Amino acid sequence: MATIESLVPETAPDAAPPGKVQYWFACLFAIGWTGVVCVGLFQQFRAWEHPSPLCVVQRMFMLLAAMGAAYIVRTALLRGSVTGRHYMTGWGLALVAAAGGSFAAWRQTTQHILPGAKGYGSEVLGLHLYVWALILFQASVLVIGVVLATAHTTADRSVPATGPGLLRAAGMFALWFLGVVIAVNLVVVFLEEGYHWFLPDDPDRYRFFYEVGMPDARP
């Protein structure tokens, strides 16, 4: 009787050209979602806005989606190869994150959808950040579906990224970029939340500074 392991073998003939496309796309995917979180952080401090709980949840899903792609990148950096099982694990995690992020962004969008509603936070290119998040999450679901559907031609199990070269440089940049932004986001959320389990629905301060007697400075 066939098993999951036999259906997804560890070794198989090299993929047909173009090959390695999924590795490069994984690097781009991780860097792209990490960059989106950076845009949110930039907007937060540029306009001195405080992200709501739903905003924070969306950032968490963005970083989780990036981590799905980072799993593929890290596998290539450590092993020099990425099996079908690794690709499915990474893209599966990214797909779950994109679906969860879509729901969170949709939920926040519907809170401000009635005529005359001002929305939460400022706009970027005419749309609020949570609307952009909904668009990008939905686009990611579509793209990941295409990636998985074409995996038999775009996934190369041999990805020589263990030694010096462009493949390793791109992968290392993607992982370090993601790691730094995760750390920054953790610090920012802690400063806003302080020593509390939950954020208020409409935060207006960095509660940590107020709790230690040091009001946060506004520009």
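**Exercise 1. Aromatic rings**

Task: Find which residues form one aromatic cluster, then classify two ring pairs in this predicted model.

Solution:
- Start with the cluster. Phe25, Phe29 and Trp91 make up one aromatic cluster.
- Now take the total. The predicted model contains seven aromatic pairs.
- Look at Tyr23 and Trp24. Their ring centres lie 6.0 Å apart, and the planes meet at 70°. Planes over 60 degrees apart count as edge-to-face, so this pair is edge-to-face.
- Check the cover on each partner. Tyr23 has 0% relative accessibility and therefore counts as buried. Trp24 has a relative accessible area of 35%, so Trp24 is partly exposed.
- Turn to Phe103 and Trp106. The ring centres are 5.6 Å apart and the planes stand at 35°, so the pair is tilted.

**Exercise 2. Along helix H4**

Task: Place Phe103, Trp106 and Leu95 in the chain, and state whether each is buried, partly exposed or exposed.

Solution:
- Locate the ring pair. Helix H4 covers residues 84-111 and holds both Phe103 and Trp106. They sit three residues apart, about one turn of the helix.
- Read the areas. Phe103 reaches a relative accessible area of 54%. The limit for exposed is over 50%, so Phe103 is exposed.
- Trp106 has 43%, so Trp106 is partly exposed.
- Add Leu95. This residue also lies in helix H4. Its relative accessible area is 32%, which means partly exposed.
- Follow Leu95 to the surface. Leu95 joins Met88 and Leu148 in a nonpolar patch there. Together the three have about 240 Å² of accessible area.

**Exercise 3. The nonpolar core**

Task: Which residues touch the most other members of the largest nonpolar core, and which helix gives the largest share?

Solution:
- Begin with the members. The largest nonpolar core has 40 residues. Tyr23, Phe29 and Trp91 touch the most other members.
- List the suppliers. Helix H2 (21-46), helix H3 (53-79), H4, helix H5 (129-149) and H7 each give at least two residues to this core.
- Find the largest share. H3 provides it, with ten residues.
- Set this beside a general trend. Nonpolar side chains tend to be buried together in soluble globular proteins.
- Follow Tyr23 outward. Neighbours within four places in sequence are left aside here. The contacts of Tyr23 then include Val73, Ala76 and Leu77, and also Tyr87 and Val159. Further along the chain, Tyr23 is in contact with Ala161, Leu167, Arg168 and Gly171.

**Exercise 4. A link across the sequence**

Task: Describe where Ala169 lies, and how many residues separate Ala169 from Leu77 along the chain.

Solution:
- Place Ala169. It lies in helix H7, residues 166-193.
- Judge its cover. Ala169 has a relative accessible area of 46%, so Ala169 is partly exposed.
- Count along the chain. Ala169 and Leu77 are 92 residues apart.
- Now go through space. Their C-alpha atoms are separated by 9.8 Å.

**Exercise 5. The whole chain**

Task: Summarise the elements, the burial, the contacts and the surface of the chain.

Solution:
- Count the elements. There are eight helices and two strands.
- Put them in order. From the N terminus, they run α-α-α-α-β-β-α-α-α-α.
- Take burial next. The chain has 219 residues, and 41% of them count as buried.
- Consider contacts between residues at least 6 apart in sequence. Of these, 75% join residues at least 24 apart.
- Finish with the surface. The accessible surface comes to about 11900 Å². Carbon and sulfur atoms account for 71% of this surface.

Terms used:
Residues are numbered from 1 along each chain as its sequence is written. This is a predicted model: local features need pLDDT of at least 70, side-chain atom pairs count only at pLDDT 80 or more; totals for chains, interfaces and linings use all residues. Side-chain values use heavy atoms; hydrogens and water are left out. Rings of Phe, Tyr and Trp (its six-membered ring) pair if their centres lie within 6.5 Å; planes under 30 degrees apart count as stacked, over 60 as edge-to-face and the rest as tilted. Buried means under 20% relative accessible area, exposed over 50%, partly exposed in between (1.4 Å probe, protein chains only). Helices (H or I, at least four residues) and strands (E, at least two) are DSSP runs, numbered from the N terminus. Patches are made of residues with over 30% relative accessible area and no salt bridge: like charges are joined within 9 Å, nonpolar side chains (Val, Leu, Ile, Met, Phe, Trp, Tyr) within 5 Å. Accessible areas come from the Shrake-Rupley method with a 1.4 Å probe; for residues, only the protein chains shown count as cover. A salt bridge is a side-chain nitrogen of Lys or Arg within 4 Å of a carboxyl oxygen of Asp or Glu. A nonpolar core is a set of buried Ala, Val, Leu, Ile, Met, Phe, Trp, Tyr and Cys residues joined through side-chain atoms within 4.5 Å. Contact means heavy atoms within 4.5 Å.
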